[in-house]
Amino acid sequence: MLEPSRIAAIADELLDAHETRGIVPLLTARNPDMTVEDAYAVQSLWAERRAASGHRIVGRKIGLTSKVMQVATGITEPDYGVIFDDMVYENGSTIPFDDFSNVRIEVELAFVLAKPLSGPHCTIFDVLAATDYVVPALEILNSHIEMAGRTIVDTISDNAAMGAMVLGGNPVKPDAVDLRWISALLYRNQTIEESGVAAAVLNHPASGVAWLANKLAQHGSSLAAGDIVLAGSFTRPMWVERGDTVHADYGQLGAITCRFE
């Protein structure tokens, strides 16, 4: 693993990029021996420093859980990041485009937990039993690392490219619908750009949450009651520019709309 001083320097560099909306060169190009565990150590320290400055952790995101996302990024295993309170927007929000270095949108489901959830032997049935409700969500991806040539090590270090999220639509109990068959149509400026079905996330969106609980256990952590968990995208990321309106129609689960200004 990298020396603690190097991990701290990378965390500081990414924290500065987050605050200035900057882009830094590939970490793996400058640290060729950097591992996945180094990347999670960077992310953890970055999150500690944000928390120390007054921001509150409200959940986690899971990334790269579907084949379409793995093909889009060239990365072949899931990852996770931290959701802070200032990253959560309500349905209908106008979102400042300049708050991000770049903007891409993904269609997801968010699990809101009623009970704590921990690994290492967590299953989808444990997830469903611990979930208060499931609600549509959009994830706003934001990369502080140059995108060409990124590896999973770069992405994990950068909080799994988590920029923000939008919650909306109709919350449902996890046993009220077949979560595998929840579908969505994603529009940008009244034009449909992407569509998908939630089963694309590891065959069941709760599988992503179970993966997360088990992965967190390896890092000595767990999920708490009240946590929001973004379960992973079932569409490819859609690029967004200033002035764009984004609309996601989840059928019986309602819709989410936001605008970037």
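**Exercise 1.** Determine which backbone oxygen the side chain of Ser143 reaches, and whether Ser143 is buried or exposed.

*Solution.* The side chain of Ser143 comes to 2.6 Å from the backbone oxygen of Ile145, a polar contact (a pair of N or O atoms within 3.5 Å; within protein, one must be able to donate a hydrogen and the other to accept it, and residues adjacent in sequence count only if both atoms are side-chain atoms). The model is predicted, so local features need pLDDT of at least 70 and side-chain atom pairs pLDDT 80 or more, while totals for chains, interfaces and linings use all residues. Residues are numbered from 1 along each chain as its sequence is written, and side-chain values use heavy atoms, without hydrogens and water. Next, Ser143 has 0% relative accessibility and therefore counts as buried (under 20% relative accessible area; exposed is over 50%, partly exposed in between; 1.4 Å probe, protein chains only).

**Exercise 2.** Work out which parts the salt bridge between Arg49 and Asp12 ties together.

*Solution.* The side chains of Arg49 and Asp12 meet at 2.1 Å, N to O, which satisfies the definition of a salt bridge (a side-chain nitrogen of Lys or Arg within 4 Å of a carboxyl oxygen of Asp or Glu). Because Arg49 belongs to helix H3 and Asp12 to helix H1, the pair ties together parts that are 37 residues apart in sequence; helices here are DSSP runs (H or I, at least four residues), numbered from the N terminus. Finally, Arg49 is partly exposed at a relative accessible area of 30%, and Asp12 is partly exposed at 39%.

Methods
Helix = DSSP H or I, 4+ residues; strand = E, 2+ residues; numbered from the N terminus.
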